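Colleague: Please pick one spot in this structure and look at it closely. Start from a single residue and its contacts, then work outward from there.

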Amino acid sequence: QHHPKPTALCAEWWCSLCPPPAITTSDEEDDSDSSTKPIRSEKKKNPVSLFQTGGDPPKEKKNKKKAPPKVAESEEETPETPQKNSNKKGKGKKSKKVKEERAPSPVIEVDNLEEFVLQPAPQGVTVKCRVTRDKKGMDRGLYPTYYLHLDNDKKVFLLAGRKRKKSKTSNYLISIDPTDLSRGGENFIGKLRSNLMGTKFTVFDNGTNPDRANADWSNVRQELSAVVYETNVLGFKGPRKMTVIIPGMNADNERVPIRPRNDNDGLLMRWQNKNMDNVIELHNKAPVWNDETQSYVLNFHGRVTHASVKNFQIVHGSDPDYIVMQFGRVADDAFTMDYSYPLCAVQAFAIALSSFDGKLACE
């Protein structure tokens, strides 16, 4: 059965038989009640409880009870009045201030960069960021460098990431220094590693390989997240389906450390074996086919302006209105990346990097 023919509204698609997997923001989508959805979410059970799994608090916490990042109350995220994207003409009746369609991040103080990027987002705040892709230079066409900044006036640098050249599988290094992307450098903060197929990814912090563990295992790397892209016999068709697996949070709202002793004990294997103790499963929100625009649509509330197969929102199955993370294109080599509790910047950035990987990319 042939799918509807894609129109010029959609920037990207797989083939002429498939509807464009581009996911864009729609003014029509949920127009009747989208403005009330976040309010309903607020009245539900506190979203924070969705991510608590018990678990023992980390034993080797270096700086116990560090104050969370400071957020200016006046500029805090106000989900009650989501800003619609108005990049299409007509039906923009709820869009009051077009100029503010991509509202910047709340004022967030980054006192200690290394600490900040591994710390969960403050509860009730969406940390709004921007990812830029640099393809310029000798080999950056094949190995671009990706930079993450806070999407605010100061454009505070947070992280840089780049694929390693001599690696059998896709392997991205993540650094807190935009000029030092070496594995051995003191700025190395984490990495993203894929399987041979390029469909499953694991995110690690900068700890030690289990083969070089010390006696109490406290220096071994933690797994911060895993991402699974669903395939079918035709490869990737239609909008991508993503599963994101993250460690749960303990009663102190700290990440439960997942330190696998071998490859059979990691987040991916726990998820595959349905051993979900201290593990949370998230999914990308399914976009809806829109006959009028002949494309799949999601409501990004003005934070995404270009159709792209890479656009996605990550949610918990029990509260699809609470956006844990969203990512989407705003220019050829620029993307917005917003994340909320319980994710930290390293987790969100690595999940975003996985969507750029060559086996998945469809540009």
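Modeller: Let's start with asparagine 171, keeping in mind that the model is predicted. Setting aside neighbours within four places in sequence, asparagine 171 is in contact with Arg162, Lys163, Arg164, Lys191, Leu192 and Arg193. Asparagine 171 belongs to strand E5, which covers residues 171–175. Is asparagine 171 buried or exposed? Its relative accessible area is 6%. That is under the 20% cut-off, so asparagine 171 counts as buried.

Now the strands around it. E4 and E5 pair in the antiparallel sense, with four bridges. One facing pair to find is lysine 163 and tyrosine 172 of E5. Recall that Lys163 is also among the contacts of asparagine 171. So is Arg162. Arginine 162 has its own bridge partner, threonine 145.

That takes us to strand E3, residues 145–150. E3 pairs with strand E4 (residues 157–163), again antiparallel, over five bridges. The two make a hairpin, and six residues separate them. Look at lysine 155 in the turn: its phi is positive, about 50 degrees. On another side, E3 pairs with strand E2 (residues 127–134) in the antiparallel sense, over six bridges. There, aspartate 134 stands opposite threonine 145. How covered is E3? Mostly: five of its six residues are buried. As a general point, side chains in a regular strand alternate between the two faces of the sheet.

Step back to the whole sheet. 12 strands close into a barrel with antiparallel pairing. The order runs E2-E3-E4-E5-E6-E7-E8-E9-E10-E13-E14-E15. From one strand to the next, the twist averages 20 degrees. Helix H4 lies across many of these strands, including E2, E3, E4, E5, E14 and E15. H4 runs at about 25 degrees to E8.

Next, the rings. How many aromatic pairs does a search of the whole structure find? Eight. In one of them, phenylalanine 327 and phenylalanine 335 have ring centres 5.3 Å apart. Their planes differ by 10 degrees, so this pair is stacked. Both phenylalanine 327 and phenylalanine 335 are buried. Phenylalanine 327 also pairs with phenylalanine 356, this time edge-to-face. Here the centres are 5.7 Å apart and the planes stand at 85 degrees. Why does this pair tie together separate parts of the chain? Phenylalanine 327 is in strand E14 (residues 319–331) and phenylalanine 356 is in helix H4 (residues 345–356), so the pair joins parts 29 residues apart in sequence.

Check the burial of those two. Phenylalanine 327 has 0% relative accessibility and counts as buried. Phenylalanine 356 is buried too, at 6%. Ring pairs link Tyr146, Phe312, Phe327, Phe335 and Phe356 into a cluster.

One ring elsewhere has a charge over it. The charged end of arginine 221 sits above the ring of phenylalanine 204, 4.2 Å from the ring centre.

Finally, the cysteines. Cysteine 129 is buried, with 0% relative accessibility. Cysteine 344 is also buried, at 0%. How many disulfides does a search of the whole structure find? Zero.

Definitions and conventions: Residues numbered from 1 in each chain as written. Predicted model: local features only at pLDDT ≥ 70, side-chain atom pairs only at ≥ 80, totals over all residues. Heavy atoms only, no water. Phe/Tyr/Trp six-rings, centres within 6.5 Å; stacked < 30°, edge-to-face > 60°. Buried < 20%, exposed > 50% of the residue type's maximum accessible area, 1.4 Å probe, protein only. Lys NZ or Arg CZ within 6 Å of the ring centre and 35° of its normal. Contact = heavy atoms within 4.5 Å. Pairing = 2+ DSSP bridges. Disulfide = S-S within 2.5 Å. Axes fitted to C-alpha atoms, helices over the stretch in contact; angles between N-to-C directions.
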